[in-house]
Amino acid sequence: MNLRTLRTFVEVVRQGGFSQAAEVVALTQSTVSKAVKTLEEELGMPLLDRLGHRNELTAAGEIAYRRALVLLAEHHDLVAEINDLRGLKRGVLRIGLPPVGCGVLFATMFATYRSRYPDIDIELTEYGSKRLRECLEAGEVDLAALLLPVDEGFDYQPVRNEPLMAVLPRSHPLAQRQRIDFADLADSPFILFEAGFALNAKILAACERKGVTPRVAARSGQIDFIVDLVAAGLGVAFLPRMLAHKHQHAGIALIPLDEPHTDWHIALAWRATAHLPPAVRAWLELAREQQRSTGHPD
């Protein structure tokens, strides 16, 4: 059993198939299939049920997947701790960011970090929150920007707390309101982010608390496109305040959302048991500096 085989198996599970996993690990599909078969033979039990085009974990597969994540994370911690001896002269910062809001929050930080530590390599990964959590658990990234609250087993450093704004077409009958809640918008179609975005879960949970069942007209991972859809009258959307103002549009109205527990509270998270190398600690310190300089509460 080797780490590369384990990582291949983990990606088959994550990606939902052999061909998709092959693209991620840069191997042929037959090599990926052979790796999983080798692992099954070594463990003496099938790990996947092949159901047509789908693959589902067996009971043994569930155990193997969970243990593989731990082993991969431990291997990363070993390498990170050895690299720690080199200090900030060399190293890698592996950070995972969601597509929403990262430009506004982190673009200037990347430039500052690069100027301070030119010999530190930066590996940036962009995924939705669910996949980022998996990458953290497997030790594939050192840090990930996640919405609070984070899962048990993670530590975190708050970065920014922003209330949500309702984004309405200018022609919407409620476009002149000072504040708005989900009960007011019960008859309006919603435009949400794609599946896997943590902000969706906050919105849908708040709707459930209000007894509102939203009609979803569209989903997208692109804020500009979402705003254009709102301006065209397709429905209403919800964005963190700073992103809503950044994407202001003549055809939309921005109204504060009067709903508790819907703030976009983003933090940098890491595994509680992880060894944080100097490159990572330097990034966290830079994030604290930026927070102090902007005066934004966490």
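Okay, let's start with a hole: the largest cavity in this predicted model holds about 100 Å³ of space. By the rule we use, there are two cavities of 30 Å³ or more. So who sits around the largest one? Its lining includes Pro-98, Val-100, Gly-128 and Ser-129, then Ala-145 and Leu-147, and further along Phe-197, Ala-198 and Leu-199, with Trp-264 and Ile-266 as well. If you'd rather think in elements, S5, helix H7 (198–210) and S12 each give two or more residues to that lining.

Two of those names, S5 and S12, take us to the sheet. It's an open one with five strands, mixed pairing, and the order S4-S3-S5-S12-S6. Strand S4 (121–126) and strand S6 (154–162) are the edges, each pairing on one side only. On average, neighbouring strands are turned by 25° against each other, ignoring direction.

Now zoom in on S5, residues 143–147, and S12, residues 264–271: they pair in the antiparallel sense, over four bridges. Which residue of S12 is the bridge partner of Leu-146? That's Ala-267. Packed on the sheet you'll find helix H6, residues 129–137, which touches strand S3 (92–97), along with S4, S5, S6 and S12. The direction of H6 makes about 145° with that of S5.

Last stop, back on edge strand S6, where we find Glu-162. Buried or exposed, this Glu-162? With a relative accessible area of 2%, under the 20% cut-off, Glu-162 counts as buried. And its side chain does have a polar partner: one of its polar atoms lies 3.1 Å from the backbone nitrogen of Met-242.

How values were computed: Residues numbered from 1 in each chain as written. Predicted model: local features only at pLDDT ≥ 70, side-chain atom pairs only at ≥ 80, totals over all residues. Heavy atoms only, no water. Pairing = 2+ DSSP bridges. Axes fitted to C-alpha atoms, helices over the stretch in contact; angles between N-to-C directions. Contact = heavy atoms within 4.5 Å. Buried < 20%, exposed > 50% of the residue type's maximum accessible area, 1.4 Å probe, protein only. Polar contact = N/O pair within 3.5 Å; in protein donor to acceptor, adjacent residues only side chain to side chain. 1 Å grid on protein atoms, 1.4 Å probe; cavity = no way out; pocket = protein on both sides within 12 Å on 5 of 7 lines; lining within 4 Å. Points joined across faces, edges and corners; volume = space filled by probe spheres on them.
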